Amino acid sequence: MEEDGFAATKLFNCGYSYTYDDVIFLPHYIDFSTDDVSFSMRRVPLLSSLMDTVTEGAMAAAMASLGGFEANMNSTEQLCLALIHKCKALKTVKQIQAFTCKTGLDTDRLVAGKLIFHCVVSISDALDYGRRVFSHFPDPDVFMYNTIIRGLAESDAPQSAIAAFTEMRRGSMVIAPPDSFSFAFVLKGAANYGSLRAGVQLHCQAIRHGLDTHIFVGTTLVSAYAECGCVGSAKKVFEEMREPNVVAWNAVVTACVRCGDVKGAVGMFDRMPIRNATSWNVMLAGYTKAGELELAKKVFLEMPVKDDVSWSTMISGFAHNGCFYEALGFFRELRRVGMRPNEVSLTVVLSMCALAGAIEFGKVLHGFLEKSGFLWIISVNNALIHTYSTCGNVDMARLIFEGMPKSKSIVSWTTMIAGLAMHGRGEEAIQLLHDMKASGIRPDRVTFISILYACSHAGLIEEGRTYFSKMVDIYGIEPAIEHYGCMVDLYGRAGKLQEAYDFVCQMPISPTAIIWRTLLGACSIHGYVELAEQVKERLSELEPNDSGDHVLLSNIYAIAGKWKDVAAVRRSMTDQRIKKTPGWSMIEVDKMMYTFVAGEKHDKITQEAYEKLREIMLKLRVEGGYVPEVGSVLHDIEEEEKEDSVSRHSEKLAVAFGMERLREGKIIRIVKNLRVCRDCHTVMKLISRVYRLEIVVRDRSRFHTFRDGSCSCRDYW
DNA sequence: CTAGGGTTAG
């Protein structure tokens, strides 16, 4: 796959030095008849009612607003152009558009082009209107097409940019051939759509037009290939460019980073003749994505000019690696040097709260956003929805979602659906899908991942099946590995292990380690020892050193009482030097985050938690009838020792600490990096009953809300 | 045309 993209283009020898090592037949035109890329050029009646509202007086007032320009206005065309340039809102654009209809300027090429351009580029949420003006124009030229393609490429439906390009090509008998802008914009659409097929075909066409080494086209080709995971092709396109500028260099370094090729990125970075702040920022992102935080910090300190992007990259990079303290440090540093937080740095900090489960800090930020007017930005709202959902307060997320000031984007809908899903509120998530369709937004592949996730976590098996086939049949979305993963989880979680296994065997793409791991997790919930062994064998072929897989298998044996097998797994782990991922849990008290690690460091805080925990466990035995469950302990050690090891799990410590420090009646919210174990689950249920407390635990796969002795997951996780 | 953020199965 990797090299196919580039090899295919070699078919077209257009006077360039391509060699043919691989011949793949491709048509000379883009054929998307099988894809769902409708692009309707329907002529819509436009604004006949508005036309009458444009009075001479209104136009005179508009002219007056032009001030100094007025003297040079010697034609209505020029007047219109100047007026359009001044427009800041769609409402005014509509007025002028009505004026052009009235004066016959609607067929003026310059004016129409300017109108379309203004709608697409300068005014937000006006793409649709621009499209309508476009569709009204009798014979649109390349510039108009380019503008429309440009807007569509950045829209929620980037595939329609490709369709628009195709339509332009079909009409190429009457209009001029595509230029470098056409290719740059449509390739951006292909990249956003993530379609290698479209990318390759466009590359072919670019070669035929002699534009593939054009600086803009080449640069976009590099990033389009990278977006499809073809880092080799991206590099080759770059190497063929005759005089790459800084932007092209940045693009190729970015391509390496996108595809996880840090070495390649460093190599390219070192070769760069000139570097601006962007180049350094790309390296920061590259290092943090690879988990190389020290190197990222080194580059950050060394770089000559830091801009707002640099800080956002550091905050996000450290947060995604679990280093919340340092991440917050960069946010403080940003303010200390006198930079104003912008909407991106704020969403980055919000997403840090989401990762850390820091709801109190999130609320502080929410207040700040409200006061400083940031809530007008859609992405900021999306970040808030995500933060509240992943911090356990999905109702607050819903309030923000409902109250969004501007229109909701596809991300807003999908985020909300995913939020409901992770709280087990499957029916509401499905209802939201219908509301979304009713409001005219088409669900995409990510939306369906969230829907299938919702079905599996709420035990809605039939619904899950239905939506999977609807996605394919009605929406023409080809299922990706993520969708298959959801389906395996859906069957497995519900105890339909045979169906899950059959499903994996019938998948048209080869199952990844993640797929097998999902199945292994299902085996562990439902105690299928034999199937687990089979599945583990597959995993050993694919990823033999994953500690989680070993621990899961060992737990499956332990629950079945097969202590010899437990010991064998443990031995093989020691032999292969596989270390268990240490479990940690976090709790926020007075806007401070406290992290507990099982059986680690006996500092004052941990001591305090232990002491409280001892007291709680005693009370649970006496008043709650608690008997420890030790099935999920890795070692076949003495019973008493096992019990001791279970009693030290980090989530218990975090809960105990919360009970000690938090105000009475406060909900105890815990975030854990692994899945919560059975014994801890039981203990939490008991605590919620005996102490009349509410505990919310976010583990690596979902939320557990413990209330009155039971859990929202209905013991199903 | 290039960099940072908001959605994504386990």
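Gln-97, Thr-100, Asp-106, Ala-112, Leu-115, Val-133, His-136 and Phe-137 line the largest cavity in this predicted model. That space comes to about 60 Å³, and the structure holds 2 cavities of 30 Å³ or more. Here's a quick tour of both, plus a hairpin further along.

**The largest cavity**
- Three helices each chip in at least two lining residues: α5 (90-103), α6 (109-122) and α7 (127-136).
- Sorted by class, the lining residues are 4 nonpolar, 3 polar and 1 charged.
- Asp-106 is one of the residues lining this cavity, and so are Gln-97 and His-136.

**The second largest cavity**
- This one has a volume of about 40 Å³.
- Its lining is made up of Ser-195, Leu-196, Gly-199, Val-200, Leu-221, Ala-224, Tyr-225 and Cys-228.
- Helices α11 (196-208) and α12 (215-227) each provide at least two of those lining residues.
- You'll find no charged residues in this lining, just 6 nonpolar and 2 polar ones.

**The β1/β2 hairpin**
- Strands β1 (residues 584-589) and β2 (residues 592-597) run antiparallel, with 6 bridges joining them.
- If you want a pair to look up on screen, try Ser-585, whose bridge partner in β2 is Phe-596.
- Between the two strands sit 2 residues, and in this hairpin Asp-590 takes a positive phi near 50 degrees.

Key: Residues numbered from 1 in each chain as written. Chains lettered and ligands numbered in written order. Predicted model: local features only at pLDDT ≥ 70, side-chain atom pairs only at ≥ 80, totals over all residues. Heavy atoms only, no water. Pairing = 2+ DSSP bridges. Helix = DSSP H or I, 4+ residues; strand = E, 2+ residues; numbered from the N terminus. 1 Å grid on protein atoms, 1.4 Å probe; cavity = no way out; pocket = protein on both sides within 12 Å on 5 of 7 lines; lining within 4 Å. Points joined across faces, edges and corners; volume = space filled by probe spheres on them. Nonpolar A, V, L, I, M, F, W, Y, C, P; charged D, E, K, R; others polar.
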